[in-house]
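Let's take a walk through this protein together, from its surface to its interior and on to the side-chain pairs. Keep the structure open beside you as you read.

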Amino acid sequence: MDDHSWMYRNSPQGLRRMDYCNSVKGFINFATSIPRNFTDGGIRCPCRKCKNLKFLYQDVVMMHLLTKGFMEDYLCWYAHEELFVPDDSMEEQVVRSNSSASNMHEVGNENSNPYRNMVMDAMRMSEGNVRECPIIEEEPNADAARFFDLLKDSDEPLWDGCTNHNKLSAVAHVFTIKSDHGLSEAGYDKIIEWARSILPEENNLKENFYATKSMMKPLGLGYQKIDICPNFCMLYYLENAKMTECMTCRHSRYKPRTDRGKTLVAYKKLRYFPITPRLQRLFMSPRTAEHITWHQSHHAVDGVMVHPSDGEAWKHFNSVHPHFSAESRNVRLGLCTDGFNSYGSFVAPYSCWPVILTVYNLSPGMCMRPEFMFLSMVIPSPSSPGRNIDVCLHPLIDELTQLWSSGSLTYDISRKQNFVMRATLMWTINDFPAYGMVSGWSMYGKLACPYCMENNKAFTLTNGGKASFFDCHRHLLPPNHKYRKNKNDLFVGRVEKDVAPSCLSGEELFDVVSEYDDIVFGLQSGK
């Protein structure tokens, strides 16, 4: 690490000396020489005001540093990918720090607390590892700091002298009982009221369900209930949140009330689980934070594909969006959905549609594990939503758009830095019927093939009256393939000489879709 003491030398009359100006130019040249420092065309600004939390253009960063100066204790440019080489005194401090952390870890193992570990997994520093800048680090942002408060609660005993439970473990136990046995909120409150009556007066058990939810909220495990039209015409969401009937089919939003004192109950509700807090959780846990960049650090073998990052689609995306790919911590997602009968096959038909997101930054052994497959929403209905699934995906599309365009401030525990996490949806993975629902392409009739489209060679069976795709895809084979000249095993006497249709670009596909009028959603729309 070079000597950066020039950063904090003040010149007479409050003016910056020429050597300071030249050194700032050197800093800008260093920061812009590393592609990973760029996000949306800007680099982190280390001035006293921005403190590496904002990404600004080079000339703006230059002006901030000349007028405001550098933030405190930034002698190591760790946020701009400068490697830290400690001197002897620093190494001594690091060794002592690691020794203390090791001792604390040993003590923690003697009194193992799974509920404390649950929070520690989210926010503790990884012991025993000296990273690039072990001494200089950033403070966690406000959302991440709430995890530290929850960690403090996990260590607070349920009452003075209690050794079996702390405040968090007691709440987690009762929450588990409520979930396993389907207790109502009133039943939960009764149990808590009884438990508090037999505990010492100075106990720390939360008094009711509402207070418990407020305590657990920093975990980021909440969900949103969004009313939806029973015919999937619209969501009562954002600007339509206060409407009481559907704009398309005029179906009432709420069921008729039998008693004036009861709360309004919607005919159908969509459960949406925000994805941003769970993606941020990956960076707040030392067990997963370092694995998020596996897709970039692993060594690919030419001709061997062990992960989607080895494929042409991933590499093409990197070339088209270099600013996104420059930050290896940006998240690549895949979406999957399908319907199933949650009550088994021996009852009346009922189709429930979960929508699951998978993080492809992780290694093959991790990205397909259940804990890294995030349930983003559950679409309940006695019947399939069909192509109206676009209506249900509206909240998810809005959140993915926000993560792509502006991102979300996230604390990376492995680098001890705040950074702006962005995300993109790389693929959707479905069976053929679900593929048609998500993409909007009809899976029936002669136009069912999404590759050939109107250029397909499907025909109608004479007796059955149904579309058939027998021997309709030989033109997709290489020009010299032997099956192209096969006259006996497929259509008798036919030799395939046509070439495969060209794939439409994004601009061409948009031009085709834009020719259609506004689409009316809903099971009763008939369009």
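The chain in this predicted model exposes about 30700 Å², and carbon and sulfur atoms supply 55% of that area. Of the 527 residues in the chain, 39% are buried. The secondary structure comprises 17 helices and 12 strands. Now look at the contacts between residues at least 6 apart in sequence: 59% of them join residues at least 24 apart.

While we are on the surface, turn to the end of the numbering. Leu-504, Leu-509, Val-512, Val-513 and Tyr-516 make a nonpolar surface patch of about 470 Å². One of its members, Leu-509, sits in helix α17, which covers residues 506-514. The relative accessible area of Leu-509 is 42%, so this residue counts as partly exposed.

From here we can move inward to strand β9. Is this strand enclosed or open to the outside? Strand β9 runs over residues 417-421, and five of its five residues are buried, so the rest of the structure largely encloses it. In a regular strand, side chains alternate between the two faces of the sheet. In β9 both faces are covered: Gln-417, Phe-419 and Met-421 are buried on one side, while Asn-418 and Val-420 are buried on the other.

The partner of β9 is strand β8 (residues 408-412), and the two pair in the antiparallel sense over five bridges. One of the partnerships to find on screen is Asp-412 with Gln-417 of β9. Together β8 and β9 form a hairpin with four residues between them, and Lys-416 in the turn has a positive phi of about 55°. Asp-412 has another role to notice, as it is linked with Glu-327, Arg-329 and Arg-415 in a network of salt bridges.

That brings us to charged pairs in general. Side chains of opposite charge can pair when their charged atoms come close. The count for this structure is 11 salt bridges. One of them joins the side chains of Asp-227 and Arg-253, with an N to O distance of 2.9 Å. Asp-227 belongs to strand β3 (residues 224-227) and Arg-253 to the loop between β3 and β4 (269-272), so this bridge ties together parts that are 26 residues apart in sequence. Both of these residues, Asp-227 and Arg-253, are buried.

Another salt bridge has a more open setting on both sides of the pair to examine: Glu-245 and Arg-250 meet at 3.4 Å, N to O. Glu-245 is partly exposed, with a relative accessible area of 36%, and Arg-250 counts as exposed because its relative accessibility is 53%. For a third example, look at Glu-496 and Lys-457, whose side chains meet in a salt bridge at 2.7 Å, N to O. This pair links distant parts of the chain, 39 residues apart: Glu-496 is in the loop between β12 and α17, and Lys-457 is in the loop between α16 (432-439) and β11 (459-460). Glu-496 is buried at a relative accessible area of 6%, whereas Lys-457 is partly exposed at 26%.

Strand β12 itself deserves a short stop. Ala-467 lies in this strand, which spans residues 467-468, and counts as partly exposed because its relative accessibility is 34%. Which residues does Ala-467 touch, leaving aside its neighbours within four places in sequence? They are Gly-445, Lys-446, Phe-459 and Thr-460. Between Ala-467 and Lys-446, which are 21 residues apart along the chain, the C-alpha atoms are separated by 5.7 Å.

Finally, let's visit the aromatic rings. The structure holds 18 aromatic pairs. In one of them, the rings of Trp-314 and Trp-427 have centres 6.3 Å apart and planes at 35°, so the pair is tilted. This pair links distant parts of the chain, as Trp-314 is in helix α11 (residues 312-320) and Trp-427 is in strand β10 (residues 423-429), 113 residues apart. Trp-314 is buried, with a relative accessible area of 2%, while Trp-427 counts as partly exposed at 28%.

Phe-324 and Trp-404 form another tilted pair, because their ring centres are 5.2 Å apart and their planes are at 35°. Phe-324 lies in helix α12 (residues 322-326) and Trp-404 in helix α15 (residues 394-405), so the rings tie together parts that are 80 residues apart in sequence. Phe-324 is buried, with a relative accessible area of 1%, and Trp-404 is partly exposed, with 28%. As a last stop, find the cluster in which ring pairs link Trp-6, Tyr-20, Phe-27, Phe-30, Phe-70 and Trp-77.

Methods. Residues are numbered from 1 along each chain as its sequence is written. This is a predicted model: local features need pLDDT of at least 70, side-chain atom pairs count only at pLDDT 80 or more; totals for chains, interfaces and linings use all residues. Side-chain values use heavy atoms; hydrogens and water are left out. Patches are made of residues with over 30% relative accessible area and no salt bridge: like charges are joined within 9 Å, nonpolar side chains (Val, Leu, Ile, Met, Phe, Trp, Tyr) within 5 Å. Accessible areas come from the Shrake-Rupley method with a 1.4 Å probe; for residues, only the protein chains shown count as cover. A salt bridge is a side-chain nitrogen of Lys or Arg within 4 Å of a carboxyl oxygen of Asp or Glu. Buried means under 20% relative accessible area, exposed over 50%, partly exposed in between (1.4 Å probe, protein chains only). Contact means heavy atoms within 4.5 Å. Two strands pair if DSSP finds at least two bridges between them. Rings of Phe, Tyr and Trp (its six-membered ring) pair if their centres lie within 6.5 Å; planes under 30 degrees apart count as stacked, over 60 as edge-to-face and the rest as tilted.
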